[in-house]
Amino acid sequence: MEQLLSVWAGLDARRRLTVAVATIGMFASVYFLTQLASQPRMALLYAGLDPLAAGEVVTALEARGAVVDIRGSAIYVDATQRDALRLALAGEGLPQNGTQGYELLDSLTGFGTTAQMFDAAYWRAKEGELARTITANRQFSAARVHISNPASDPFRQGQVDSASVSVTMSSGGLSAAQATAIRYLVASAIAGLDPQSVSVIDGVTGLIPNTEDPSVQSAGASDARAEHIRSSVTRLLEARVGGGRAVVEVTVDPVTVREEITERRFEPDTRVPISSDTEETTTRSTNTGSGSVTVASNLPEGDAGGSAGSSENSETRSREVVNFEVSETQRAILKEPGSVRRISVAVLVDGVRTTAANGTEVWEPRSAEELADLRELVTSAIGYDEARGDQVIIRSMEFQPLPELAPPVPLSLLDRFAIDVMSLIQLGVVALVGLILGLFVVRPILMRPPATQAPQLLPPNADLDLPEGAGANLPALDGEIDGLGGFTPLDDLPSFDSIQSPGQDPADRLRQLIETKQDETVEVLSQWMNDSHEVAR
């Protein structure tokens, strides 16, 4: 402490002000770095919540004494406590996404609740549970489900159950696979609902088409077929005209309707017997007795007075029935979507470039014979069918040169290395504090000339340990300073008379003078010793 006070006493006013300012700046920088280091590293807890749900979450966090940082619609907490806080809030049922599920049925009682009220609450609960299931995936930030149930109106026949789902993604858009999964999720939760009857709407891309729809499948198949034909024709043409010198566009017109044709044709000129029925009938009758009826013939004795006689009758009939069937042809034709109705191909090829005698480049279109050969190759590659109405057009035109691309922008230092800007700021502050300490505190102290340490005085009558013969030519000391030569006159020293008292020894007076003027005494002794050494040499 005494050394610090002596150093402070040896500084002038300007240096003292500089040291004070540097000290204050150093303490301020250290305090700032301490505050910066003591602040917790914040991490995202929830984002995109409803204002009501976000307010409930913030209230619960503040009740727990957690550090909360609200940035727009995002809630940040200490990174070391984020997982624990999220589990604790989930145990309390927070955050609530604004949709209620089967807990709606808990408020219903058997008294005063009609069947219509229960059905409405049941379907609302079903919609809420489906929305919760969808938003359980972190890729979805919000979801709403609407179910149309025609079963509540039994007098309207022919209606089909349907549903619609509106989702909001946390980032990006909804893919076709995710939309299909949502359709099957909703259809599986509702008895009798067809996945084809569920519409999925994304807040960014709009309605997501159903990939299992035949019309959508046929459109996708036609696009894939067109891309395959285009790549095949391009590869075929570039083998002749060169890479990048042929442009091919292919359009495949698919059949998008489902058609079923049943044909039944009769040919009256052609008869075919299918059955034959032959029937033959024979009838025979015989009659015996008198020829006439008399009184005698009726008597018990019989035939009295008459003559006996007989008659016989025989009849044969034959019938044949043949059934014929007219020739009939039946055909059932089923045309599914996806078949090719027509293919159109447009080909643009570059001409021939030659160098003239003067060194200029000359462009010429390709000949008609070469274009005809190329057309034959293209028609063979695409499966050309004239009856179907396919078209192939090839033209030779000059290609415009491509514009030169701008040179790539070199990456900066921050882009090449993953450097945290906040870490750079902290390092810069630490370096600035060190620079301030070096320039305004340490440097002024080091630049101060060191004080010469006063040599210890020898006691009286002490022998000096000098080399042999070093003081042979020196005059003997008689205790009086005036007898010594070569001293610089000191005007500010007091005279011996002013400090001399009666009966005081001269040696005591010299000691008293040395104690009074230590710096001047050290200077005198140093000069005397230097002069003595020069005389000894």
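Modeller: Two strands are said to pair if DSSP finds at least two bridges between them, and with that term in hand we can turn to this model, which is a predicted one.

Biologist: In what sense do strand 5 and strand 6 pair, and over how many bridges?

Modeller: Strand 6 spans residues 198-202, and its residue Ser199 stands opposite Ser164. Two bridges are enough for a pair, and strand 5 and strand 6, which pair in the parallel sense, have five bridges.

Biologist: Which helix joins strand 5 and strand 6 in a β-α-β unit, and what is the handedness of that unit?

Modeller: The helix in this unit is helix 6, residues 176-189. Together with strand 5 and strand 6, helix 6 makes a β-α-β unit that is right-handed.

Biologist: In what sense does strand 5 pair with strand 4?

Modeller: Strand 4, residues 140-148, is joined to strand 5 over eight bridges. Val145 has Val165 as its bridge partner in strand 5, and Ile147 stands opposite Ala163. The sense of this pairing is antiparallel.

Biologist: Which strands form the edges of the sheet that holds strand 4 and strand 5?

Modeller: This open sheet has four strands in the order 4-5-6-7, and its pairing is mixed. An edge strand here pairs on one side only, and that description fits strand 4 and strand 7 (206-207).

Biologist: Which helix packs on that sheet, touching strand 4 and strand 5, and what angle does it make with strand 4?

Modeller: The helix is helix 5, which spans residues 115-135 and packs on the sheet where it touches both strands. Compared by direction, helix 5 and strand 4 make an angle of about 150°.

Biologist: Which side chains of strand 5 are buried, and which are not?

Modeller: Buried means under 20% relative accessible area, and along strand 5 the side chains alternate between two faces. Ser162, Ser164, Ser166 and Thr168 point to one face and are not buried. The side chains that point to the other face and are buried are Ala163, Val165, Val167 and Met169.

Biologist: Which residues have the most contacts inside the largest nonpolar core?

Modeller: In soluble globular proteins, nonpolar side chains tend to be buried together. The largest nonpolar core here has 21 residues, and helix 5, strand 4, strand 5, helix 6 and strand 6 each give two or more residues to it. Those with the most contacts inside it are Ile134, Val165, Val167, Leu174, Ile182 and Val186.

Biologist: Which residues does Ile134 touch, leaving out those up to four places away in sequence?

Modeller: Two of the residues touched by Ile134, Val165 and Val167, lie on the buried face of strand 5. The full list is Phe140, Ala143, Val145, Val165, Val167, Ile182 and Leu185.

Biologist: How many bridges join strand 11 to strand 14?

Modeller: Strand 11 belongs to an open sheet of three strands in the order 8-11-14, with mixed pairing, and the edge strands are strand 8 and strand 14 (391-396). Strand 8 and strand 11 pair in the antiparallel sense over nine bridges, with Val349 as the bridge partner of Ala246. Strand 11 and strand 14, by contrast, run parallel, with Ser344 opposite Gln391, and the bridges that join them number six.

Biologist: Which side chains of strand 8 are buried?

Modeller: The side chains of strand 8, residues 246-254, alternate between two faces. Val247, Glu249, Thr251 and Asp253 point to one face and are not buried. Buried on the other face are Ala246, Val248, Val250, Val252 and Pro254.

Biologist: Which helix lies across strand 11 and strand 14, and at what angle does it run to strand 14?

Modeller: The helix that lies across these two strands is helix 8, residues 368-382. Helix 8 runs to strand 14 at about 145°.

Biologist: Why is Asn313 classed as partly exposed?

Modeller: Asn313 is found in strand 10 (residues 308-335), and, leaving aside neighbours within four places in sequence, it is in contact with Thr283, Arg284 and Ser285. Buried means under 20% and exposed over 50%. Asn313 falls in between, and is therefore partly exposed, because its relative accessible area is 48%.

How values were computed
Residues numbered from 1 in each chain as written. Predicted model: local features only at pLDDT ≥ 70, side-chain atom pairs only at ≥ 80, totals over all residues. Heavy atoms only, no water. Buried < 20%, exposed > 50% of the residue type's maximum accessible area, 1.4 Å probe, protein only. Right-handed = clockwise from strand over helix to strand, strands pointing away. Core = buried A, V, L, I, M, F, W, Y, C linked by side-chain atoms within 4.5 Å. Contact = heavy atoms within 4.5 Å. Axes fitted to C-alpha atoms, helices over the stretch in contact; angles between N-to-C directions.
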